[in-house]
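Q: I should like to learn how to read the features of a protein model, one at a time. Could we take the structure below as the working case?

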Amino acid sequence: MNDFVLKEITNKDFNKELDLIGFDKTYQLKFQEKMKYKNIKIFNLNLAQANILKQTALMFGADCAINRNVITGNIEKSDVILCGSFSQIRKISEKLKYQPFKFKILAEQILDLLNKQSRNKTKLVGILNITPDSFSDGGLYLDKELAIKHLLTLIEDGADIIDIGAESTRPYSNAVDTKTQIERLEPILKFLQKEKLKINVSIDTRDSVVADFALNNGVKIINDVSGLDYDHNMSEIIAKYDAGIIIQHSKGDPSSMQDNPCYNNLIEDIYFNLKNKIEFAKDEGIKNIIIDPGIGFGKTKEHNLEILNRIEEFFTLDKPIMVGLSRKSFLGDFKNNQDKDALSLALSYPLIKSGINYLRVHNVKLHKNMLNLI
């Protein structure tokens, strides 16, 4: 007697797999929901809510992990993890709509999460450092003519946005004064205005005065690596110009952020930090918000890798995500940028496959070639 032949399916193109076995096309969309699974963590439920959610999940063949003390009543609140296929979770949500304890609101939030599954094609943010001391290319583009030449190269290589920085925020760097940043930026921004180049530009600065200067000279986005912590006037300036903001998570100031960074729960600490800042920015009148988990900003190598491996958990924040891992020190101690670019590209691949919105990179051409390939 021959053994059965089994093969696990990892292909996310469920239509193709169903076609291969001759499955009825009219039922494909519904069946796909049984093939896709989701694990959703829900925070701070009371005991009644946790118990009802658990029992409802079991009713549909799914499950919900709760704190072991919920059954004894020895705690007041519990985080829970709801897990099941999309089909099961939809049925659970429909059932919850008719339950008390605000479950209708929770059901709508869960369904909203399931419905937001589309992923945009990754865009490339080319890095232009006009500084003497950036960790990868400090001093290379401090000269105006060399900076403009590199700017044009980044555009030609396929950058969707050019991120220009006049202050290095590498580990153990010191702040650069407002006047110096503006002096470095002015000739580049004047060139962009004069040539009317059709390229989006962001300015990498923590300084609201620098941001005001840049936005008054045609820039549309500010990349604040402090996540609005460094200069409390930044949100007002962004809102005044109806500009975009990249809110990055950073644990501490660049001068000390790598001094033994510690977290209670890395991903959740970053998640709630960004969530609170999104809400703050919206309250300040900022509409165009991009978030960045801040690779290398108050993180160890292990922290950085965990963020990259779990990047999709930040999709729940429902904002475009940018990741900047290019040539950073956690990749290793290499003497040339070619080796760093190769490793940057390798780690960028799963981010692109996950549907990350923006990659901030030094070598635009290399990453553009990969985007065209996949």
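Q: How should one read a sheet, and in what order do the 8 strands of the open sheet stand?
A: Strands of a sheet pair through backbone hydrogen bonds, either parallel or antiparallel. In this predicted model, 8 strands make up an open sheet with parallel pairing, and their order is β9-β8-β7-β6-β5-β4-β11-β10.

Q: Which are the edge strands?
A: An edge strand is recognised by its pairing on one side only, and here that applies to β9 (288–292) and β10.

Q: How many bridges pair β8 with β9, and which residue of β9 stands opposite Gln248?
A: Strand β8, residues 244–248, pairs with β9 in the parallel sense over 5 bridges. The residue opposite Gln248 is Asp292 in β9.

Q: In which sense, parallel or antiparallel, do β1 and β3 run?
A: Strand β1 (residues 37–46) and strand β3 (residues 77–85) run antiparallel, joined by 8 bridges. Within this pairing, Lys38 has Gly84 in β3 as its bridge partner.

Q: What pairing does strand β2 make with β3?
A: Strand β2, residues 63–65, is antiparallel to β3, with 3 bridges between them. One residue pair to locate is Ala65 with its bridge partner Ile81 in β3.

Q: Let us turn to helices. Which strands does helix α6 lie across?
A: Helix α6 (residues 144–157) lies across β4 (123–129) and β5 (161–165). The direction of α6 is at about 170 degrees to that of β4.

Q: How is the packing of two helices to be read, and at what angle do the axes of α4 and α5 cross?
A: One reads the approach of the axes, then their angle, then the handedness, and lastly the residues in contact. The axes of helix α4 (residues 86–96) and helix α5 (residues 103–115) come within 8 Å and cross at roughly 155 degrees. Angles over 145 degrees count as roughly antiparallel, and α4 and α5 are therefore roughly antiparallel to each other. Their crossing is left-handed.

Q: Which residues of α4 and α5 meet, and what classes do they belong to?
A: From α4, the residues Phe86, Ile89, Arg90, Ser93, Glu94 and Leu96 meet Phe103, Lys104, Ala107, Ile110, Leu111, Leu114 and Asn115 of α5. By class, this contact of α4 with α5 comprises 8 nonpolar, 2 polar and 3 charged residues.

Q: Are α7 and α8 roughly parallel or roughly antiparallel?
A: The axes of helix α7 (residues 178–195) and helix α8 (residues 208–215) come within 10 Å, with a crossing angle of roughly 15 degrees. That angle makes α7 roughly parallel to α8. The crossing of α7 past α8 is right-handed.

Q: Which residues form the contact of α7 with α8?
A: Thr178, Gln181, Ile182, Leu185, Glu186 and Leu189 belong to the α7 side, and they meet Val209, Val210, Phe213 and Ala214 of α8. The classes in this contact of α7 with α8 are 7 nonpolar, 2 polar and 1 charged residues.

Q: How many residues of α8 are buried, and what covers them?
A: Burial is read residue by residue from relative accessibility. Helix α8 is mostly covered, with 6 of its 8 residues buried. The buried residues in α8 are Ser208, Val210, Ala211, Phe213, Ala214 and Leu215. Their cover includes α7, β6, β7 (221–224) and α9 (234–240).

Q: How does one read backbone torsions, and what is the phi of Asn44?
A: One looks for the sign of phi and for the residue type. Asn44, although not a glycine, has a positive phi of about 60 degrees. Asn44 is found in strand β1 and counts as partly exposed because its relative accessibility is 48%.

Q: Where is Lys196 found, and what is its phi near?
A: Lys196 is in the loop between α7 and β6 (200–204). Its phi is near 50 degrees, a positive value in a residue other than glycine. With 69% relative accessibility, Lys196 counts as exposed.

Q: Finally, where is Pro320, and which residues does it touch?
A: Pro320 is placed in the loop between α11 (301–309) and β10 (322–323). At 28% relative accessibility, Pro320 counts as partly exposed. Leaving aside residues up to four places away in sequence, Pro320 touches Ile289, Ile290, Ile291, Asn357 and Tyr358.

Technical notes
Residues numbered from 1 in each chain as written. Predicted model: local features only at pLDDT ≥ 70, side-chain atom pairs only at ≥ 80, totals over all residues. Heavy atoms only, no water. Helix = DSSP H or I, 4+ residues; strand = E, 2+ residues; numbered from the N terminus. Buried < 20%, exposed > 50% of the residue type's maximum accessible area, 1.4 Å probe, protein only. Contact = heavy atoms within 4.5 Å. Pairing = 2+ DSSP bridges. Axes fitted to C-alpha atoms, helices over the stretch in contact; angles between N-to-C directions. Parallel < 35°, antiparallel > 145°, perpendicular 65-115°, else oblique. Left-handed = near helix turned anticlockwise from the far one by under 90°. Nonpolar A, V, L, I, M, F, W, Y, C, P; charged D, E, K, R; others polar.
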